[in-house]
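Colleague: I am new to this structure and would love a guided close look at a single part of it. Could you pick up where two chains come together and walk me through what lies around that place?

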Amino acid sequence: MNEFVEQFVIEGRELVAQGNDDLLGLEERPGDKDRLDGAFRALHTLKGAAGIVDFVAMARALHAAEDALSAVRSGNAPVTAPLIGLCLGCLDQVGAWIDLMQASGDIPEGADVAADDLVRRFTDLRSADAKLLPRHADPSATAAGSSTISRQLLEAQKLLLAERSPEGAAGRLGSAGRVAANVLRHQGLDTTDLESLLQTSLLAGDAALMAMAIDRILGSLAEKEPDAPGMLMAQPPDTTVRVDVERIERLVRLTGELLVAKNAVGHTARRAEEDVDPRQLAVALKNQHLLLERLVGQLQQSVFSLRVLPLHRAFQRFPRLVREMAGSVGKPALLVIEGAATEADKSIVEAIAEPILHVLRNALDHGIEDAVERRAAGKPPTATIHLRAARQGDRIEVAVEDDGRGIDVRRLRKVAQARGVASAAQLARMSDEEVVELIFAPGFSTASQVTGLSGRGVGMDVVRTAVERLGGRVSVSSRPGVGTVVRFSLPFTVMMTPVLTVEAAGQVFGVPLEAVVETVRVERTAIAAVGAAQAVVLRNRTVPIFDLGRALGAASGAPRAVANLLIVSVGGQLGGLEVDRLGDRLDVMLKAPDGLLAGVPGIDGTTLLGDGRVLVVLDLGAMFLNVQV
Amino acid sequence: MTEPSGKRILVIDDANLVRRFYRDALEHAGFQVDEALNGVEALEKVLGAAYDLIVVDVNMPQMDGFTFLETLRRQAPPVSSLPALVISTEAAAHDAAAARAAGANFYLVKPVGQELLVEHVSIMCGLPT
């Protein structure tokens, strides 16, 4: 048997089973989006597989079924018994074909008749539906459709904002802002800060900022979406990646440039055959090599960027899960997520959810005290868990920080000895910090009582194993009575960082867009000196100002009457970065500073711009370190 | 008929039947609807009255949908920032990028059912769920 056919028989059976299962589930609960997606995926994957083994008739039948479900997904058709029945019938036929293939090792003959029949029945069904549909659709399907449409609308506005033509740019920005604000209103989201962010970007005429605001709206939409409660494991891994059209266009552009560069090398080769000065040739070759190096580098980046996802994909279910878990242990807790837009390779994003969830569970179970104990300790009764993600050079740092009781080191020492994790002599030599790290040792669990959450014999060693398998590290630190922080340091193999370019003292710099809260213009007179520093009061908050131009030693002309400030959030604090001009939004692959720049404070990394210039991306944390007000 | 939404929509299409179909759906959902037969007529209308959304076809005599949108986006605000929903024929499905370049906020391919149209228009006008 052809190896493809062999593989097809195995996979096909699984997919038929999965499709059956999801279709039955969908019939029971017509509004169940996960079931609908699952069934659709099964049909879609089967169709693709049929295409690979050249089973055209099967692909045709499956295509018709997929179309029918696709109409349900877009809210254009209801889930009906005949529809489910026909889809199941289609899968039965596929199953029968697979049996024949296994027996004969080849595509069964005469499949066309059955396929035609199925296609015809799907067509009939659709025209029957079309007559039924206009006035009464399943309300749950409409609700799902509304949030899907909202999301599509927001994505479309982002694309519109990415249009480069200067003609009509203001109109595009304005209309995108109106649509985004209307989607917010329609969804009834808590809108004040998002609306003001939209407003700010409108006033500043800043498409990049508006795109960011829209990203946040998309984020809160996803949080609002009712997710199936329960564990994350139930989610099958995505086999597809949604790719920004712009990223594909960049690939196409780069390929074109590569072709040109390739031709140039051919030309040089022909000249080498003639009698040409070798030094001249060397110069030409060197230049072409440089060009190729740059293009291939960019191509590599672009290809990697196709696999990049925001951590949001992993984080989006956490708020709800934490709420449920907090409820089940009776300890009120709030999860605060920062940096969900940080991007990482798809494989990292998908694999990190489970370990983080485990740590969150641990925090609720062991770290956080109940409300009575917290009150006695002078803490607010509702605990806060911060989940922070940020890019640090070439790694992604994720921290889970709770404000609980911290780890009891004395008790830990006792348990470690009792469980044989470390000997008394070893423990005596270990510092408290080292002892705390023992929680990652295999089989270590300090829960004196098994609870429903984390005490099921799965310890933090599982977390460590999972993280190390990704090429990451995990560490823990704790302060008695104050809380515990678990830090993950992960590679991203590939990562695109969105930056906003700014100009100061005639130079261009990048600022991680992640940190940018808004852009404001303030009168010079509103800026006050506070000690040696400067600050401005913004919505009742005092914001320290860092003048980038002055720090770079720009000729100290008269300061402009209106200051352009980039309000950034650094480590939870707001800061104002004064710049001469705001530039574009770019997605760049950040490299750790090396060579002359290595070790220079204030530099987060560098990236090569399209024209070969180096863009220095600022490390805002280091800049505002000395500018506290 | 649903109670008035207070939102005013301009439907631009040269086909009487299509305009009628959209008007019927939108009015039924409580929108106030005006009509224009082509881009030129539409431009006069948007400069003369405040709309919440434009629903526009692509292929029309005199001034097509894309030219109309490009012209619209070059007007002074607030006219320039009128949200626009383009509805085009299936044959022109690859035109989504062209519509965007012209300044369209969203793009639907015909046939668009009444329900789908109303849903898009309601969200784009910010009506509550």
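Modeller: Happy to help: what follows starts where chain B meets chain A, then turns to chain B itself, and ends with a sheet in chain A.

Please keep in mind that this is a predicted model, and the values below are computed from it.

Let us begin at the interface. There, 31 residues of chain B are in contact with 31 residues of chain A. The size of an interface is often given as the accessible area lost when the parts come together. For chain B and chain A, the buried area is about 2500 Å², and carbon and sulfur atoms give 55% of it. On the chain B side, the residues that lose the most area to chain A are Arg100(B), Glu115(B) and Ile123(B); together they make up 26% of what that side buries.

Charged side chains also meet across this boundary. The rule finds 2 salt bridges between chain B and chain A. A salt bridge joins the side chains of Glu167(A) and Arg74(B), with 3.1 Å from N to O.

Now follow Ile123(B) across to its neighbour Val183(A). Val183(A) sits in helix H7 of chain A, which covers residues 169-187. Leaving aside residues up to four places away in sequence, Val183(A) touches Ser150(A), Leu153(A), Leu154(A) and Ile123(B). So is Val183(A) buried or exposed? Its relative accessibility is 0%, and therefore Val183(A) counts as buried, since the cut-off for buried is under 20%. Another residue to find on screen is Ser146(A): it lies 37 residues from Val183(A) along the chain, and their C-alpha atoms are separated by 10.0 Å.

Next, step back to see chain B as a whole. Chain B has 5 helices and 5 strands. Reading along its sequence, you meet them in the pattern β-α-β-α-β-α-β-α-β-α. Chain B has 129 residues, and 57% of them count as buried. Its exposed area is about 5400 Å², with carbon and sulfur atoms supplying 55%. If you take the contacts in chain B between residues at least 6 apart in sequence, 62% of them join residues at least 24 apart.

Finally, move along chain A to its sheet. Here 6 strands form an open sheet with mixed pairing, in the order S10-S14-S15-S13-S12-S11. The edges are strand S10 (516-523) and strand S11 (527-530) of chain A, each of which pairs on one side only. On average, neighbouring strands of this sheet are turned by 40° against each other, direction ignored.

A good strand to follow within it is S14(A), which is mostly covered, as 7 of its 9 residues are buried. On one side, 7 bridges join S10(A) to S14(A), and the two run antiparallel. In this pair, Glu523(A) stands opposite Val562(A) in S14(A). Strand S14 (residues 562-570) of chain A is also joined by 7 bridges to strand S15 (residues 573-579) of chain A, again antiparallel. Two residue pairs let you trace that match: Val568(A) has Gly575(A) as its bridge partner in S15(A), while Ser569(A) has Leu574(A). S14(A) and S15(A) form a hairpin with 2 residues between them, and in its turn you will find Gly571(A), with a positive phi of about 55°.

Definitions and conventions
Residues numbered from 1 in each chain as written. Chains lettered and ligands numbered in written order. Predicted model: local features only at pLDDT ≥ 70, side-chain atom pairs only at ≥ 80, totals over all residues. Heavy atoms only, no water. Pairing = 2+ DSSP bridges. Helix = DSSP H or I, 4+ residues; strand = E, 2+ residues; numbered from the N terminus. Axes fitted to C-alpha atoms, helices over the stretch in contact; angles between N-to-C directions. Buried < 20%, exposed > 50% of the residue type's maximum accessible area, 1.4 Å probe, protein only. Contact = heavy atoms within 4.5 Å. Areas by Shrake-Rupley, 256 points an atom, 1.4 Å probe, with all protein chains shown as cover. Buried area = accessible area lost by both parts, 1.4 Å probe. Salt bridge = Lys/Arg side-chain N within 4 Å of Asp/Glu carboxyl O.
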